[in-house]
Amino acid sequence: GELYFDVILVKGEPIKNSRIAKGQGIAGWVAVHQEPLIINDVQGDPRFLKEFDKKSKFETRTMICLPVKFKEKPVGVLEVVNKRGGFFNEEDLELLTVLSNQVAVAIENARLYAALQELTAATQEENRELKSYLSSRYTFQNTITVSSKMREVLTLAEKVAKKAFAT
C-alpha cells in the first residue's frame, strides 16, 4: 500500500496529489507501526523525507505524527509540523489524539455516505427496470374478468400498484 496526500499545506504553494510508499518517511513509519511519534529535530531523523521540504521551499523542524484509526482499523495518518513557540509534547499528543479520533469518524462517515449513494443509485435503477418490466408484462387490462365488481377491485389494485412503484 501507499499513503496518499490530497493536499499538503505549506506557506508557499500547496503540494497536491503526492504519494509515498507505506513505511517511507515519518508518516509511512507511523502508518506501518501504528504508533505516534513526537520528533523535535526532524532534520536529524533518518526517516524524514526531505523532498517535500524541497518542493515546498519549507523547512520542517518539529513534527508530531499519529495514526488515525476507526474501531482500531487504520484509516490514515495525521501529521502536524513546526509548533509555534517550542517543541511538541505529550499534551499536544493527547489533544491531537482526540482530533484524530474525530477525523477517523469523519472519514468513515464520508466513506459510508459514498457507499450509500452508490447503493441508492443502483437500487433506483433496478426499481425503474422492474417497474418497466412489470408494467409491460402484467397489466390488469389483460386480465379476463366476469363481474363489474371484480373489475372495480382490479382497477383499484392497479392504481395502488402504480403509486407503490412510482419513483
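## A walk from a buried helix to the surface

Let's start with helix α1, which covers residues 25–33: seven of its nine residues are buried, so the rest of the structure largely encloses it. Keep in mind as you look around that this is a predicted model. Which residues of α1 are the buried ones? They are Gly25, Ile26, Ala27, Gly28, Trp29, Val30 and Ala31. Just after α1 comes glutamine 34, and its phi angle is positive, near 55 degrees.

Now let's see what α1 has to do with the nonpolar interior. The largest nonpolar core has 16 residues, and Ile20 and Ile26 are the ones that touch the most other members. At least two residues of this core come from each of β1 (2–8), α1, β3 (37–39) and β4 (63–70). Which of these elements gives the largest share? That would be α1, with five residues.

Isoleucine 20 deserves a closer look. If you set aside its neighbours within four places in sequence, isoleucine 20 is in contact with Glu2, Leu3, Phe5, Ala27, Gly28, Leu49 and Phe52. Two of those names should ring a bell: Ala27 and Gly28 are among the buried residues of α1. There is also a second, separate core, made of eight residues, with Leu66, Val68, Phe88 and Leu96 among them.

Phe88 leads us to the next stop, since it is one of the residues that asparagine 82 touches. You'll find asparagine 82 in the loop between β5 (73–81) and α3 (90–137). Is asparagine 82 buried or exposed? Its relative accessibility is 14%, and because the cut-off for buried is under 20%, asparagine 82 counts as buried.

So what does the polar side chain of asparagine 82 meet in there? One of its polar atoms lies 2.8 Å from the backbone oxygen of glutamate 59. The backbone nitrogen of arginine 61 also has a polar atom of that side chain at 2.6 Å. Leaving out residues up to four places away in sequence, the full list of residues that asparagine 82 touches is Phe58, Glu59, Thr60, Arg61, Thr62 and Phe88.

Finally, let's head for the outside. Leucine 130 sits in helix α3, and with a relative accessible area of 39% this leucine is partly exposed. Which residues join Leu130 in a nonpolar patch on the surface? Tyr133 and Phe165 do, and together the three have about 280 Å² of accessible area. Leu130 and Tyr133 are three places apart in the numbering. In general, an α-helix has 3.6 residues a turn, so residues three or four places apart point the same way.

Notes
Residues are numbered from 1 along each chain as its sequence is written. This is a predicted model: local features need pLDDT of at least 70, side-chain atom pairs count only at pLDDT 80 or more; totals for chains, interfaces and linings use all residues. Side-chain values use heavy atoms; hydrogens and water are left out. Helices (H or I, at least four residues) and strands (E, at least two) are DSSP runs, numbered from the N terminus. Buried means under 20% relative accessible area, exposed over 50%, partly exposed in between (1.4 Å probe, protein chains only). A polar contact is a pair of N or O atoms within 3.5 Å; within protein, one must be able to donate a hydrogen and the other to accept it, and residues adjacent in sequence count only if both atoms are side-chain atoms. Contact means heavy atoms within 4.5 Å. Patches are made of residues with over 30% relative accessible area and no salt bridge: like charges are joined within 9 Å, nonpolar side chains (Val, Leu, Ile, Met, Phe, Trp, Tyr) within 5 Å. Accessible areas come from the Shrake-Rupley method with a 1.4 Å probe; for residues, only the protein chains shown count as cover. A salt bridge is a side-chain nitrogen of Lys or Arg within 4 Å of a carboxyl oxygen of Asp or Glu. A nonpolar core is a set of buried Ala, Val, Leu, Ile, Met, Phe, Trp, Tyr and Cys residues joined through side-chain atoms within 4.5 Å.
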